[in-house]
Amino acid sequence: MIKLLFSLLGIFTLNTANTTLVLNVPDNREAGIIYYGSKLGQAEVDNLVRAGYRPQGLYPAYGLKGTAETAIAVTQADGNKTLKLDVCSVEEGTWEGGRTITVISKDPVYPITVKNVFKSFEDQDMIETWAEITNGAKASKKAHGTVMLERFDSGCLPIRVGDVWICSLYGTWANEGRVATEKLERGYKVIKNIDGVRNSHTSHSEVMISLDGKPEENSGRVIGAALEWGGDYELRFQTNDSDYHHFFAGILPENNEYHLEAGETFKTPALAYTFSDEGLSGVSRNFHHWGRKWRLAHGDKERKVLLNSWEGVYFDINEPGMDQMMGDIASMGGELFVMDDGWFGDKYPRLNDHSSLGDWVVDKNKLPNGIGWLVKQASSHGIKFGIWIEPEMTNNPSELYDAHPDWVLKADGRDNVYGRGNTQLVLDLCNPAVQDYIFSIVDNLMKENPEIDYIKWDSNMDMRSRGSQYIKYQSHLDIEYWRGFEAVCNRIRAAYPDLTIQACASGGGRANWGVLPWFDEFWVSDNTDALQRIYMQWGTSYFFPAIAMASHISATPNHTVHRTTSIKYRIDVAMSGRLGMEIQPKNMTEQEKDICRKAIEEYKQIRPVVQFGDIYRLVSPYDDKGIASMMHVAEDKSAAVFYWWKIANFYDEHFARVQMKGLDPDRMYKVRELDRIDRFPLRYEGISFSGKFLMENGLEIPSSNSADSELTGDWSSRVLYLESN
Ligand code: GLA
């Protein structure tokens, strides 16, 4: 609940524990941003303008601004293409996590009002901003009063020119979350996504902005920004002939023009930003704290260790097979089994990806005793049961499509454009009947089987046909789809608040803070190869905490890249996220099962540190130093997990010792190696070192594992647990 206070116009400061945002809000003129960075005292804020810090547009509008990039562009009801936003008032407020400042600006000629809200999350050093754009034309003149919103960013931020670099994430299916690092030069840098459904495969709507040259993991001033939106977006930097780079973020304007009707208010998604002078890792820690506390579903609850059936059996679902997998994961100490794709379809059984999405009834040929029997079996094995669905989609053929061909996205006068399996189609979430139907999928499953603990919610296709058979304005498709998605998710969460739900979208297509409020985690990638996962999980951890990153031990040769890695290496990489398995345990040797059993037991011991701890990335795989290394440190610094993974393997290698970070220099930490396969313990096993020593010197890590040849592989790795005495 936001409480409002009355304020006089002038300079406004929004502080968090370690940051300050200074706004210039002058009466009857354009509002500006003067400063965003480390925390300032009041005297320094007062001096800013005197020191030559000139305000830069807080929400610049198109049409009367020359060549500067703008955050909002409209066509007025009479065709006029200009907008002028002059401040008329400001509201200040408080909420349980911090404060709000709302700058209210009006066009002096046209009835457009814009509220730019800034909301602080004091303890997490995060600030959210968004815009609320109102068309104040009288409803009685409705036909004449519609304003076209052609650009409607969530917010913008000026960044003083210097040696400014950005890190963004790029990729594709099976290669998500790759880091691109580049210097900002003159001109435009645009990051955008036009998938419609999955928005974090080819690019991410988050970015790191380093103010002090090429970014470092643990030093330097860095701003992090994340657009909280599941649909199409655009992040852009304009560097013109001024002293500033101008950063803008919002819903993709291209083909998303919005008809703002008389009396209507359009609220943009929020743009969250944070600042740290402790480098990229510092910004990540802020995102992780904020995400776990305010955004991620159940961000304060430990996640279970699970086995997912997909890479183990694919579509080959049957009762004995599921029961065997449940027994196996239970015997290895797992806590949950998830039955993936292939369990449903009556008239059109789901034998492969060519049919049946939409027909969420159990395939009686595969599972004659239904879901109920599986849930009971899981319980008799002492574990929980989870299930895969892909509720936003259908196939032609499916009984759903036969009954409701008008429920799919399809442009008028065009044939269907199919996705996966050459038969898949996206359902039209703009349509309330489709929203009801999607809610009923989860509702029916849960009503029939209230013990279901986990749902893997998948989404494996883009909006290939940009047309809704339901809505009036086709350019509203992306916005209305996501409004529908939110409405469905809100209903599901109201009815089933405790359910664990994974966001999967052809792997990592939904790693986004716009989606995660309803989801407990996301599937990082369909690529489970441990070596490639190091690179993907590294990038993904820039913005998302380990608790949200589903990370599974799978078979070798890996199903995507066909690489063979040791079971230890696969475990050591998977342990740095939410640990699970994605394998047919039947095909594992008893020795491999024993190793996994031990790893799961050890993971349960370190789980609070991994899932709630602070990340310190130490040696980046992108720096090609032959290894990658990072840590999770408990918030009270009582314990830490240190990961060291080789990413190349040559004879005669000599790596620098890795200086640790984030420990308490004055505490002693006892070292214990986890997932040990070596014949002999490390020389410092059980020995205690001060945090100061570990952070200044690091430990000697042998460059290979000395173990039986069937247990070692090309790339060795180590995980050390440090526990303070
Ligand atoms: C997508 C997901 C996989 C799996 C399959 C099932 O590709 O990313 O994990 O669930 O769908 O068809």
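Visitor: Which side chain has an N or O atom 2.6 Å from an oxygen atom of the ligand?
Guide: Happy to start there, keeping in mind that this is a predicted model. A pair of N or O atoms counts as a polar contact within 3.5 Å. An oxygen atom of the ligand and a side-chain N or O atom stand 2.6 Å apart. The side chain in question is that of D526.

Visitor: How much of the ligand's accessible area does the protein cover?
Guide: On its own, the ligand has 310 Å² of accessible area. The share of this covered by the protein is 97%.

Visitor: What distance separates a polar side-chain atom of R420 from an oxygen atom of the ligand?
Guide: R420 is listed among the closest residues around the ligand, as are D340, D341, K456 and D526. For D340, a polar side-chain atom lies 2.7 Å from a ligand oxygen atom. For R420, the corresponding distance is 2.9 Å.

Visitor: How many charged residues are in the shell around the ligand?
Guide: Altogether, 13 residues surround the ligand. By class, 4 of the shell are nonpolar and 3 are polar. The charged residues number 6.

Visitor: Let's turn to the sheets. Which strands are at the edges of the sheet with the order 32-33-34-37-35-36?
Guide: This open sheet has 6 strands with antiparallel pairing. An edge strand here pairs on one side only. From one strand to the next, the twist averages 25°. The edge strands are strand 32 (614-619) and strand 36 (688-690).

Visitor: Which residue in strand 36 stands opposite K670?
Guide: Strand 35 covers residues 668-674 and pairs with strand 36 in the antiparallel sense. There are 3 bridges between strand 35 and strand 36. Opposite K670 in strand 36 stands S688.

Visitor: What angle does the direction of helix 12 make with that of strand 34?
Guide: Two helices are worth a look here. Helix 11 (residues 567-574) lies across strand 34 (639-646), strand 35 and strand 37 (717-724), at about 45° to strand 37. Helix 12 (residues 590-612) packs on the sheet and touches strands including strand 32 and strand 33 (627-633). With the direction of strand 34, that of helix 12 makes about 95°.

Visitor: Why is one side of strand 2 and of strand 5 left without a neighbour in the sheet?
Guide: The sheet is open, with 4 antiparallel strands in the order 2-3-4-5. Strand 2 (10-15) and strand 5 (56-57) stand at its edges, so one side of each has no neighbour, because each has a single partner strand.

Visitor: Which residue of strand 4 is opposite T20?
Guide: Strand 3 (residues 19-25) and strand 4 (residues 32-38) run antiparallel, joined by 6 bridges. The residue standing opposite T20 in strand 4 is G37.

Visitor: What is the bridge partner of V87 in strand 8?
Guide: A hairpin connects strand 7 to strand 8 through 2 residues. Strand 7 (residues 86-95) and strand 8 (residues 98-106) run antiparallel and are joined by 9 bridges. The partner of V87 in strand 8 is S105.

Visitor: Now the backbone. What is omega for the cis peptide bond that joins T556 and P557?
Guide: Most peptide bonds are trans. The bond from N396 to P397 is cis, with omega near 25°, and P397 is in the loop between strand 25 (393-395) and helix 7 (399-403). P557 lies in the loop between strand 30 (549-554) and helix 11. For the cis bond joining T556 and P557, omega is about -10°.

Visitor: Is phi of H298 positive or negative, and what value is it near?
Guide: Most residues other than glycine have a negative phi. H298 is in the loop between helix 3 (279-295) and strand 22 (306-308). Phi of H298 is positive, near 50°.

Methods: Residues are numbered from 1 along each chain as its sequence is written. This is a predicted model: local features need pLDDT of at least 70, side-chain atom pairs count only at pLDDT 80 or more; totals for chains, interfaces and linings use all residues. Side-chain values use heavy atoms; hydrogens and water are left out. Two strands pair if DSSP finds at least two bridges between them. Axes are lines fitted to C-alpha atoms, for helices over the stretch in contact, and angles run from 0 to 180 degrees between N-to-C directions. Contact means heavy atoms within 4.5 Å. A residue is near a molecule or strand if one of its heavy atoms lies within 4 Å of it. A polar contact is a pair of N or O atoms within 3.5 Å; within protein, one must be able to donate a hydrogen and the other to accept it, and residues adjacent in sequence count only if both atoms are side-chain atoms. Accessible areas come from the Shrake-Rupley method with a 1.4 Å probe; for residues, only the protein chains shown count as cover. Ala, Val, Leu, Ile, Met, Phe, Trp, Tyr, Cys and Pro count as nonpolar, Asp, Glu, Lys and Arg as charged, and the others, Gly among them, as polar.
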